[in-house]
Amino acid sequence: MYTIAALYHFTRFPDHASLREPLLDLCRTQSVKGTLLLAQEGINGTIAGPRAGIDAVLAHIKALPGCADLDWKEATADHPPFGKMKVRLKKEIVTMGQPDIDPRARVGNYVEPEDWNDLIRSDDVVVIDTRNDYEVAIGTFEGAIDPETASFREFPAWWEENKERFHNKRVAMFCTGGIRCEKSTNFLLGQGVEDVYHLKGGILRYLEEMPADDSTWQGECFVFDNRVSVGHGLVEGPHNLCHGCRRPILPEDMKRPEYEHGVSCHRCVDETSEADKMRFRERQKQIGLARQRGQEHLGAD
């Protein structure tokens with residue numbers, strides 16, 4: 001079994017670039033794979049590997065400046081969720097494009113999963129899904145508003161255009177693991193919204209802790225690893241990933257004429273040029289050759 005750890009933490013790294021190589025070296029040494037993002041504002045990412053390896057990497061991160069109280073969410077998988085390890089340097093650990101946002105200063109009121117249902121069913125509460133449109137498409141909370149944003153960077157403009165709809169309402173927001181809500185609630189507070197709430201630990205913690213019979217969640221939750229989606233109990237869902245557009249698709253979608261493995265699906269077939277598709281086909285060819293060489297190497301051993 002592989003242990004999966006999803007984490008984020010806002011802190012101030014004076015020299016985040018200097019943290020990259022030691023962290024990457026440790027992950028490789030411990031057979032841990034996934035993606036971690038480092039920025040001056042903190043760290044974010046999901047990693048997977050053997051229990052001892054994950055523990056070693058988490059201990060290393062907790063020893064970084066301001067990370068002693070690091071929190072994370074765990075799950076397990078019976079196959080490797082990631083193919084390689086990447087530690088990337090970024091301007092933001094989740095891109096909102098708002099330079100004045102600082103979740104360390106203040107955020108909305110945290111709501112525990114067991115209290116979430118009562119909150120979002122209140123008549124004076126509006127519930128907003130802060131995730132991207134393709135994530136919302138496969139699952140969300142009952143009654144939640146979908147801003148239909150293609151990226152989190154679009155959220156501030158959407159709020160500006162729609163804020164009058166929510167006058168005199170309490171605003172409850174949620175996202176996959178909680179990180180986007182750290183920024184979106186700080187943003188709304190800065191816009192003068194007084195009563196702002198967000199789901200502590202995000203959808204993943206809710207699905208882990210809430211019994212399905214008591215749940216207000218509908219569908220599956222998109223995750224950024226090879227599981228693609230999860231349901232209650234964080235059980236792996238039915239979705240696959242279109243490697244042309246990185247959107248979740250169902251097994252029956254792979255039978256549609258628009259689907260070509262690694263190239264396109266019914267959602268993106270008209271979004272890319274023929275030159276793009278040729279490039280994707282060449283990429284798939286190289287992936288296939290690399291796998292074949294790996295199998296031949298194992299056979300020789």
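A disulfide is a pair of cysteine sulfur atoms within 2.5 Å. Keep that cut-off in mind for the first view, and remember throughout that this is a predicted model.

**View 1. Two pairs of cysteines come up in the search for disulfides, but no bond is found.**
Searching the whole structure turns up zero disulfides. Look at Cys181 to see why: the closest cysteine sulfur belongs to Cys175 and is 3.6 Å away, which is too far for a bond. Cys181 has 0% relative accessibility and so counts as buried. Now move to Cys268, whose closest cysteine sulfur, in Cys245, is 3.7 Å away, again too far for a bond. Cys268 is buried too, with a relative accessible area of 1%.

**View 2. Five strands make an open sheet.**
Read across the sheet and you meet the strands in the order E4-E1-E3-E2-E5, with mixed pairing. Strand E4 (71-77) and strand E5 (85-89) stand at the edges; each has a single partner strand, so one side of each has no neighbour in the sheet. On average, neighbouring strands here are turned by 10° against each other, direction ignored.
For a closer look, follow strand E1 (residues 2-10) and strand E3 (residues 42-49), which run antiparallel and are joined by eight bridges. You can find Ala5 standing opposite Ile47 in E3.

**View 3. Helices H1 and H6 lie across strands of the sheet.**
Which strands does helix H1 lie across? Helix H1 (residues 20-29) lies across strand E2 (33-39), E3 and E5, and runs at about 170° to E5. Helix H6 (residues 179-190) lies across E1 and E3, and its angle to E1 is about 20°.

**View 4. Helices H5 and H6 cross at an oblique angle.**
The axes of helix H5 (residues 155-162) and H6 come within 11 Å and cross at roughly 40°. The two helices are therefore described as oblique to each other, and their crossing is right-handed. Phe155, Pro156 and Trp159 of H5 make the contact with Ser184, Phe187 and Leu188 of H6.

**View 5. Ser184 sits in helix H6.**
Is Ser184 buried or exposed? Ser184 is buried, since its relative accessible area is 0%. Setting aside neighbours within four places in sequence, Ser184 is in contact with Met96, Thr130, Phe152, Phe155 and Met173. You may recognise Phe155, one of the H5 residues in the contact between H5 and H6.

**View 6. Helices H3 and H7 are roughly perpendicular.**
Here the axes of helix H3 (residues 113-120) and helix H7 (residues 202-209) come within 9 Å, crossing at roughly 105°. That is why H3 and H7 are called roughly perpendicular to each other. On the H3 side, look for Pro113, Glu114, Trp116 and Asn117, which meet Arg205, Tyr206 and Glu209 in H7.

**View 7. Lys169 lies in a loop between H5 and strand E9 (170-174).**
With 33% relative accessibility, Lys169 counts as partly exposed. Which residues does Lys169 contact, leaving aside its neighbours within four places in sequence? They are Asp123, Asp124, Val125 and Val126. As a last stop, find Gly244: Lys169 and Gly244 are 75 residues apart along the chain, and their C-alpha atoms are separated by 40 Å.

How values were computed: Residues numbered from 1 in each chain as written. Predicted model: local features only at pLDDT ≥ 70, side-chain atom pairs only at ≥ 80, totals over all residues. Heavy atoms only, no water. Pairing = 2+ DSSP bridges. Helix = DSSP H or I, 4+ residues; strand = E, 2+ residues; numbered from the N terminus. Axes fitted to C-alpha atoms, helices over the stretch in contact; angles between N-to-C directions. Contact = heavy atoms within 4.5 Å. Buried < 20%, exposed > 50% of the residue type's maximum accessible area, 1.4 Å probe, protein only. Parallel < 35°, antiparallel > 145°, perpendicular 65-115°, else oblique. Left-handed = near helix turned anticlockwise from the far one by under 90°.
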